[in-house]
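Grab a pencil and have a go at these short exercises. Try each task yourself before you read its solution.

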Amino acid sequence: MNTTREHSSVTGIVGGAWLVGVGGLLLGLQIDWNGSVSGTGWVSFAIGALLAVGATLVRLRGDAARHHDERAPRAGVADVSLPRDVPGILAVVTSFLALTFLISGVLVPGGPWLFFEIVVLGAVIVARRQRADGGRWLSNGMLTLLAAMLLFRLWIAYQGGRNHWSLLSVDIPVISWLPFDFLEPVKRVSLGSFTPDEFGFPPAGLSFAPTLALWAVGFVSCVAGLVWAQTSAREHENDRIHALIRTLPGGLANFVERILPEDEWQSLGLHGLPERRLARRIETIVAERMARQKELQAALDAGKLLAQTNPGGFAGEIYRSIVDPERRVGADADGGTRGSRNDAADDRRSRDDDGSPRGGTHS
Amino acid sequence: MVETGTGAGRGLSLAIGAASVLFVVAIGVRGVPPAKSVAPQDVIEEGPRIVEPMQFLGSGAKLRAAELDEWIAADRRARFKALRDLVFHLDGCPPLLEWIASMDGQRLERLLGELRTGTREEALAGLTLLYQVARATEWKPGVMTTTPQAPAERLGSLFQDWLRTWGEKSATDPLLSEPAVATALVYGRVMYVAQNAPVIGTLQAPLDRARTFLNELLQTGPSRRSPLGELVQSRHGSALSRFVGTDDPLSGFASDALTMFPDLKGNCSP
């Protein structure tokens, strides 16, 4: 086992956990105009946790479905990846909390907009299940959606920070141009109004600039921590599998690793299995692949069959190289002399094309 | 694997423990309640005291102005009474610049300076006189003058002097907190009038002067606000937001001051 790499993967998981923790801390704070720090409240956190649970279940189902398609007909929910040691558990907890912090960090804290965002996120999660692209805690599409929602929340916070309690204020043409104070109430129309209480703003008002900095850094920190922890967890699982294979004699272990390349281990469902089931699964997959290899070899050995169906020309030469490479090498050594019927057929085809033989001599 | 008994294993355990604590803290901070808005409590003071100080600044001040006499130091009480009678019976809406340059106006200005350096009750008494002068003189910009902003700027400087002395310490004073907040708004309104004095266009100098002073008084920058700034924020948050974040910073102050004192228009109209 590569001890340095093992240490690196565990370090990566812990580092990712730290990043997620710091990010969650920053996403949970807001600063008012007096410089006081307060929390963003429990409501959005609770809803974020619920949506993260839903996304996790969808991911597990996606894992099971994917493994069912790719590996074994009897695969099911029991084949989902589960953490098998402390770093693995930390990676899962980190990923779940990162998703919770991210969702709760981008949700608006209350009001009708909150339910609108819940519906959008729920629809995206369900759509993700239908695509069965599980296996990742945060897809690129989901990340884009969360970033857009963060932008929306920042816009609302910006408006609230200016004591503008609406999403948008549109000046009414002509009326808004007139310099009369008594027209002030009808000079503009507000769209998407909200109240400070709905969004949990502190009584002294939300100081936008430092809060923006907190939330933006928190969001980036959570995403970076999640990606780091995920990548490290995958490496950690690969190290477990590698360690098991390395219990075989050296040459045999090398052979097994050639048959089962490392970059296929996750898609083959080897991650997250207990050691006993992991060994059995590797046995099964090696047996399947060896059987397939032998079938292929047997098909290649049926050289005569291929020679009889040789169409000649470029394709024919490739066929012949596969079926009888020694004969092909011998023909080249004779200065391009070809003695087979295919050569004659080849030359005839060449004459048909341009009226003169091309290259080589004819028997 | 990292052996749990080794130094690396202990380090890993510590790191995981610290990450867990960080997770708990990250969840826990969401419940931190926001700081309550600063509101000075009504303090029951020993002995006699002035109640409802805002009534001395409103249009009905003349009904109670005489109550202030007993709070003035004996050596200036007579002058205060005389000037109080004078300003509360000022007729004809004289132009502020002319009146303040007159003998009576100079006497008043000297007395205001003395009252500013006196007790809190004397500070309130001085403010009462100042509001009455603003109510009884004309400081609205003239159309045909070369310096239409001058009367409003002059009045603004009188308010500024009072705020400079008492603004900061008034925030936690039950007697002066509300008058100080109101005076900050009125100062903003007066300087807004000066800024918009020309018939065409606006003046930058009054705006810059008012903005610099109010920024210093309320500490509206990114750092923590002053106690008076917190009071203004809690009572007139919209005005303060407009002061911080718009191209027309004094408009919020002007609007709120006009709502609070509709008779302070600079033309003696009720």
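**Exercise 1.** Work out in what order the elements of chain B run from the N terminus on.

Solution. Start at the N terminus and read along: the pattern is α-α-α-α-α-α-α-α-α-α-α. Next, tally up: chain B has 11 helices and zero strands. Here helices (H or I, at least four residues) and strands (E, at least two) are DSSP runs, numbered from the N terminus.

A word on the source: this is a predicted model, where local features need pLDDT of at least 70, side-chain atom pairs count only at pLDDT 80 or more, and totals for chains, interfaces and linings use all residues. Residues are numbered from 1 along each chain as its sequence is written, and chains are lettered from A in the order in which they are written.

**Exercise 2.** Find the largest nonpolar core and say which helix gives the most to it.

Solution. First, the term: such a core is a set of buried Ala, Val, Leu, Ile, Met, Phe, Trp, Tyr and Cys residues joined through C-beta atoms within 7 Å, and buried means 20 or more other C-beta atoms within 10 Å of a residue's own, with C-beta atoms placed from the backbone. The largest core has 66 residues, and B:L130 is among those with the most contacts inside it. Helix α7 (residues 177-195) of chain B gives the most, 12 residues.

**Exercise 3.** Describe how chain A meets chain B.

Solution. Count each side: 36 residues come from chain A and 31 residues from chain B, contact meaning C-beta atoms within 7 Å. Then look for the largest share of chain A's side: α1(A) gives 10 residues.

Key:
Contact = placed C-beta atoms within 7 Å. Buried ≥ 20, exposed ≤ 12 C-beta atoms within 10 Å, placed from the backbone.
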